[in-house]
Amino acid sequence: MRTGGAERPGLWARVWEALRPLDPFRSVKAALGALVIGSVVITTLLVFLAIHSATELRVITIFSIIASLLITQFVAHGLTAPLDEMTEVTRAMAHGDYTRRVSDGRRDEFGALATAFNRMAADLEAVDTHRKELVANVSHELRTPIAGLRAVLENVVDGVSAADPETMRTALQQTERLGRLVEQLLDLSRLDNGVVPLRARRFEVWPYLAGVLKEASMASNAVTGRTARSRKDVHLHLDVRPPELTAHADAERLHQVVANLVENAVRHSPPHGRVTVRARQGETPGSLALEVLDEGPGIPEAERHRVFERFNRGGADHQGPGGDGGTGLGLAIARWAVDLHGGSIGVAESARGCRIKVTLPGGPS
């Protein structure tokens with residue numbers, strides 16, 4: 001008896017599912033066809049009843065018309081209800097409410113449309129959230145150097161500070177920071193619009209990366225404020241094997257990738273730490289595998305998927321002694337530049353610190 005009681009709800013559920021007016025049909029055309037067939041069957045039965053009884057034909061006709069209208073109204077309501085719901089949700093989205101969703105439990109074309117509609121609503125909600133965050137973050141990033149520059153200039157104008165080289169150097173630092181932010185935003189805008197062409201060529205990896213690290217080292221020896229560029233204590237190491245390794249890529253875009261990764265690694269390195277740039281032959285012929293390793297606190301696994309998002313600078317616990325964490329655009333630019341090459345970039349497992357791996361596909365010799 002216990003087994004029969006356990007099976008009975010499932011049986012009734014299956015029967016009720018089969019009796020639902022529209023869901024047993026996976027097509028609206030089938031539902032409309034069933035409506036026509038049902039109306040014809042009901043009318044035929046009523047006419048057959050009128051012939052074999054004393055009921056007048058006109059009475060049967062009236063009852064058949066009423067029955068057909070009721071069935072048609074019932075089915076039409078089931079067909080138009082999703083459209084009415086989508087119309088209501090669309091009006092809400094037009095007023096800025098992207099949290100509304102429509103029911104998507106149907107199995108016909110309206111169910112597929114509802115699923116696609118909800119996916120579109122989720123994408124629009126994500127885009128709207130990203131737009132608001134982008135405006136807020138850009139405003140914050142621009143306000144900081146502008147406020148610092150304004151404070152320096154006001155002190156000079158009011159006579160609080162003299163226009164000596166040290167004061168002008170402070171103003172120059174804020175101006176350079178503002179210029180770097182604007183340049184990064186322009187790079188991202190060009191990448192988003194697809195107006196950045198790739199000028200790929202084959203070159204030797206060792207002298208190329210040595211030049212990139214030399215520029216980074218020269219920038220580290222320059223006093224440019226509380227950024228990663230003031231980390232004079234971090235040692236940069238280059239490891240390329242084999243020494244004659246070559247790659248096929250856009251040298252300028254790859255420079256952005258390596259420079260941003262090195263700057264990020266230097267920023268999060270401990271005092272007297274070491275940053276290693278490693279280059280190897282990729283798994284496929286002609287491909288290139290680049291790795292940038294540091295000795296910092298590393299990136300928790302739960303946050304690795306967010307490190308390449310724009311303006312994501314990590315939590316305070318993961319900031320190294322290299323300053324304020326940057327603008328949060330460097331890794332986003334690196335990801336877009338790698339995507340332009342058709343490669344991949346991600347955080348790899350490392351026993352110590354952080355290891356970011358870049359893979360570029362091979363090109364013509």
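Visitor: Which residues does glycine 353 touch, leaving aside those up to four places away in sequence?

Guide: Contact here means heavy atoms within 4.5 Å. With that in mind, glycine 353 touches Asp294, Glu295, Gly296 and Gly298. This is a predicted model, in which local features need pLDDT of at least 70 and side-chain atom pairs count only at pLDDT 80 or more, while totals for chains, interfaces and linings use all residues. Residues are numbered from 1 along each chain as its sequence is written, and side-chain values use heavy atoms, with hydrogens and water left out.

Visitor: Where is glycine 353 found?

Guide: Helices (H or I, at least four residues) and strands (E, at least two) are DSSP runs, numbered from the N terminus. Glycine 353 sits in the loop between strand E6 (344-348) and strand E7 (355-360). Its C-alpha is 9.9 Å from that of valine 275, a residue 78 places away along the chain.

Visitor: How many helices and strands does the protein have?

Guide: There are eight helices and seven strands. As for contacts between residues at least 6 apart in sequence, 68% join residues at least 24 apart.

Visitor: Let's turn to burial. Is glutamate 291 buried or exposed?

Guide: Buried means under 20% relative accessible area, exposed over 50%, and partly exposed in between (1.4 Å probe, protein chains only). Glutamate 291 counts as buried because its relative accessibility is 10%. Its place is in strand E5 (residues 288-293). Across the 365 residues of the protein, 35% count as buried.

Visitor: Which side chain joins that of glutamate 291 in a polar contact?

Guide: A polar contact is a pair of N or O atoms within 3.5 Å; within protein, one must be able to donate a hydrogen and the other to accept it, and residues adjacent in sequence count only if both atoms are side-chain atoms. For glutamate 291, the partner is the side chain of arginine 355, at 2.6 Å. Arg355 is also one of the residues that glutamate 291 touches, along with Thr276, Val277, Arg278, Ile356 and Lys357, again not counting residues up to four places away in sequence.

Visitor: Now a helix. How many residues of H7 are buried?

Guide: H7 is mostly covered, with 13 of its 17 residues buried. From first C-alpha to last, H7 reaches 24 Å, close to the 24 Å expected at 1.5 Å a residue; the expected span is 1.5 Å times one less than the number of residues. At its N-terminal end the cap is aspartate 250, with a side-chain oxygen 3.0 Å from the backbone nitrogen of glutamate 252.

Visitor: What should I look at where H7 passes H8?

Guide: Two packed helices are described by the angle between their axes and the distance between the axes. Axes are lines fitted to C-alpha atoms, for helices over the stretch in contact, and angles run from 0 to 180 degrees between N-to-C directions. The axes of H7 and helix H8 (residues 330-340) come within 9 Å and cross at roughly 150 degrees. On the H7 side, the meeting residues are Arg253, Gln256, Val257, Asn260, Leu261 and Asn264; on the H8 side they are Gly330, Leu331, Ile333, Ala334, Ala337 and Val338. Seven of these contact residues are nonpolar, four polar and one charged (Ala, Val, Leu, Ile, Met, Phe, Trp, Tyr, Cys and Pro count as nonpolar, Asp, Glu, Lys and Arg as charged, and the others, Gly among them, as polar).

Visitor: And after H7, where does histidine 268 belong?

Guide: Histidine 268 is in the loop between helix H7 (251-267) and strand E4 (274-281). A polar atom of the histidine 268 side chain lies 2.8 Å from the backbone oxygen of asparagine 264. Histidine 268 counts as buried, since its relative accessibility is 16%.

Visitor: Which phi does histidine 272 have, positive or negative?

Guide: Most residues other than glycine have a negative phi, and most peptide bonds are trans. Histidine 272 has a positive phi, about 60 degrees, although it is not a glycine. Histidine 272 also lies in the loop between H7 and E4, and it is exposed, with a relative accessible area of 67%.

Visitor: Is the peptide bond from arginine 241 to proline 242 cis or trans?

Guide: That bond is cis, with omega near -5 degrees. You will find proline 242 in the loop between strand E2 (235-240) and strand E3 (246-250).
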